[in-house]
Amino acid sequence: MKGSKKMVGTVGELQFDVIKYRLEHEYGADCRFEHLNIVKAYWLTGDKAQLEEFLRIKSQYVAMDKDGLYVYLAPSAYIMQMEQTNFPKLTFHQNSDFKMDYLQL
């Protein structure tokens with residue numbers, strides 16, 4: 001969450017090559033990709049106090065999406081299960097579909 005780096009998630013390595021090619025050749029933008037050990041991204045909603053505690057403890061694994069919502073970058077399925085147990089008042093959304101209703105509130 002530190003700084004203003006942009007993150008792109010893909011399903012396969014080839015997609016990174018396509019993105020890099022298009023950025024460089026269509027937009028004249030330099031880019032560099034760094035591999036991160038992340039198994040899945042989860043959007044966070046829930047109890048404000050528990051969310052603040054989660055962000056304090058796990059800030060190195062949290063990013064913000066284009067709509068300003070927090071996204072937890074889970075390093076493993078086991079750790080994800082632990083987070084759900086340790087933070088029962090948070091909802092870890094597996095995709096961004098919830099945002100259609102959530103952002104209209």
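## A four-stranded sheet with helices packed on it

Let's start at one spot in the sheet: Lys40 stands opposite Ala74, a residue of strand 3. Lys40 belongs to strand 1, which covers residues 40-46, and this pair is one small piece of an open sheet built from 4 strands. Please keep in mind as you look around that this is a predicted model. The protein chain holds 4 helices and 4 strands, and from the N terminus on they follow the order α-β-α-β-β-α-β-α.

**The sheet as a whole**

- Reading across the sheet, the strands come in the order 2-3-1-4, with antiparallel pairing.
- Strand 2 (62-64) and strand 4 (90-93) form the edges, each pairing on one side only.
- From one strand to the next, the twist averages 35°.
- As general background, the strands of a sheet pair through backbone hydrogen bonds, in either a parallel or an antiparallel way.

**How the strands pair**

- Strand 1 and strand 3 are joined in the antiparallel sense by 4 bridges.
- Strand 1 also pairs with strand 4, again antiparallel and over 4 bridges.
- Trp43 is a handy landmark here: it stands opposite Val71 in strand 3 and opposite His93 in strand 4.
- Strand 2 and strand 3 (residues 70-74) run antiparallel and are connected by 3 bridges.
- Val71 of strand 3 turns up again in this pairing, as the bridge partner of Ala63.
- Is strand 3 enclosed or open to the outside? It is largely enclosed by the rest of the structure, because 4 of its 5 residues are buried.

**The hairpin and its loop**

- Strand 2 and strand 3 make a hairpin, with 5 residues between them.
- In the turn of this hairpin, Gly68 has a positive phi of about 80°.
- Leu69 also sits in the loop between strand 2 and strand 3.
- Is Leu69 buried or exposed? Its relative accessible area is 11%, which is under the 20% cut-off, so Leu69 counts as buried.
- Leu69 and Lys99 are 30 residues apart along the chain, yet their C-alpha atoms are separated by 9.1 Å.

**Helices against the sheet**

- Helix 2 (residues 48-58) packs on the sheet and touches strand 1, strand 2, strand 3 and strand 4.
- The direction of helix 2 makes an angle of about 65° with that of strand 4.
- Helix 3 (residues 77-86) lies across strand 1, strand 3 and strand 4.
- Relative to strand 3, helix 3 runs at about 135°.

**The chain in numbers**

- The C-alpha trace of the protein chain spans about 45 × 35 × 25 Å along its principal axes.
- Of the 105 residues in the protein chain, 25% are buried.
- Taking contacts between residues at least 6 apart in sequence, 66% join residues at least 24 apart.
- The protein chain has an accessible surface of about 8100 Å², and carbon and sulfur atoms account for 53% of it.
- On the charge side, there are 13 positive and 14 negative side chains, and the centres of these two sets lie 4 Å apart.

Definitions and conventions: Residues numbered from 1 in each chain as written. Predicted model: local features only at pLDDT ≥ 70, side-chain atom pairs only at ≥ 80, totals over all residues. Heavy atoms only, no water. Pairing = 2+ DSSP bridges. Helix = DSSP H or I, 4+ residues; strand = E, 2+ residues; numbered from the N terminus. Axes fitted to C-alpha atoms, helices over the stretch in contact; angles between N-to-C directions. Contact = heavy atoms within 4.5 Å. Buried < 20%, exposed > 50% of the residue type's maximum accessible area, 1.4 Å probe, protein only. Areas by Shrake-Rupley, 256 points an atom, 1.4 Å probe, with all protein chains shown as cover. Lys, Arg positive; Asp, Glu negative; His and termini not counted. Charge placed at Lys NZ, Arg CZ, Asp CG, Glu CD.
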